[in-house]
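Biologist: Could you take a close look at one part of this model for me, the aromatic rings and the strands and helices around them? I would enjoy a connected walk through that region, with the angles and distances included.

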Amino acid sequence: MSLKDQLLKAGLIDQSKAQKAEQDQRKQAHQKTAKAQKQAKKTGEVVVDEAKVLAEKVLQEKAERSKELNRQQREQAEKKAIQAQIKQLITLNSIDRKRGDLAYQFADGNKIKKIYLTHTLQDQLAYGIIVLVKFGDGYELVPRQIAEKIAQRDATCILVQNAGSNETTAVEDDPYADFKIPDDLMW
């Protein structure tokens, strides 16, 4: 209980005297601040209300934290949306490789991985018609056009993308041009 409440309860003062005392205290506080401001105007000093400055500083810091948090949340939402788009592109356009019997080895980071392909799929992968992409924990084959769309969103998903080779780009001075590579040669 405040001192005013205790004095009222004890009966030493009445309600009107308590209210008058509060008004007098407010007037004195107001007069002190007004007097300090007048004194500062006369001397050319600026009166700084420390509470206001501190409150403004706290509000600015809070606004900056809020902006940073919002920016981080937007980035996370964008990343999530991109991953959902990639997942949709792969699931809708993946090529079936279940009947594959030829082992195809490739590098995924620092590890060598192996998938099984059919002879046709292996040729298409070698000529750049289809592309090998990472999908979650597994690997999928997609057409080149889809792989380009995936690469626009996240290039780290593309694992094997061979450039399409044209025989018209062969060098004229190739010393091994007369030697034909056998079709059944496996690397």
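Modeller: Gladly; here is a walk from the rings out to the strands that hold them and then to the helices.

Please keep in mind that this is a predicted model. Searching the whole structure turns up two aromatic pairs. In one of them, Y104 and F106 are stacked, with 6.5 Å from centre to centre and 25° between the planes. The other brings together F106 and Y139: their ring centres are 5.0 Å apart and the planes stand at 80°, so this pair is edge-to-face. That second pair links distant parts of the chain, since F106 belongs to strand β1 (residues 102–108) and Y139 to strand β4, 33 residues apart. Through these ring pairs, Y104, F106 and Y139 join into a cluster.

How accessible are these rings? With the cut-off for buried at under 20% relative accessible area, Y104 is buried because its value is 16%. F106 is buried too, with a relative accessible area of 4%, and Y139 counts as buried at 11%.

Let us follow β1 first. Strand β1 pairs with strand β2 (residues 111–117) in the antiparallel sense, over seven bridges. One position to look at is A103, whose bridge partner in β2 is Y116. The two strands form a hairpin with two residues between them, and G109 in the turn has a positive phi of about 70°.

A neighbour of Y104 leads us on to a helix. Q122 lies in helix α4 and touches L102, Y104, L117 and M186, leaving aside residues up to four places away in sequence. Q122 also counts as buried, at 15% relative accessibility.

Now to the strand that carries Y139. β4 is part of an open sheet of three strands, in the order β4-β3-β5 and with antiparallel pairing. Both β4 (138–143) and β5 (158–160) are edge strands with a single partner each, so one side of each has no neighbour in the sheet. On average, neighbouring strands here are turned by 40° against each other, direction ignored. Strand β3 (residues 130–135) pairs with β4 in the antiparallel sense over six bridges, and V131 stands opposite V142 in β4.

Two helices lie across this sheet. Helix α4 (residues 119–126), the one with Q122, lies across β3, β4 and β5 and runs at about 95° to β3. Helix α5 (residues 144–153) also lies across β3, β4 and β5, running at about 120° to β4.

From α5 the picture extends to one further helix. The axes of helix α3 (residues 50–93) and α5 come within 10 Å and cross at roughly 170°. Angles over 145 degrees count as roughly antiparallel, and α3 and α5 are therefore roughly antiparallel to each other. On the α3 side, the residues in contact are I82, Q85, I86, L89, I90 and N93, and they meet I146, K149, I150 and R153 in α5. Sorted by class, this contact has six nonpolar, two polar and two charged residues.

To put the route together: the ring cluster of Y104, F106 and Y139 includes a pair between β1 and β4, while α4 and α5 both lie across the sheet that contains β4.

How values were computed:
Residues numbered from 1 in each chain as written. Predicted model: local features only at pLDDT ≥ 70, side-chain atom pairs only at ≥ 80, totals over all residues. Heavy atoms only, no water. Pairing = 2+ DSSP bridges. Helix = DSSP H or I, 4+ residues; strand = E, 2+ residues; numbered from the N terminus. Axes fitted to C-alpha atoms, helices over the stretch in contact; angles between N-to-C directions. Contact = heavy atoms within 4.5 Å. Phe/Tyr/Trp six-rings, centres within 6.5 Å; stacked < 30°, edge-to-face > 60°. Buried < 20%, exposed > 50% of the residue type's maximum accessible area, 1.4 Å probe, protein only. Parallel < 35°, antiparallel > 145°, perpendicular 65-115°, else oblique. Nonpolar A, V, L, I, M, F, W, Y, C, P; charged D, E, K, R; others polar.
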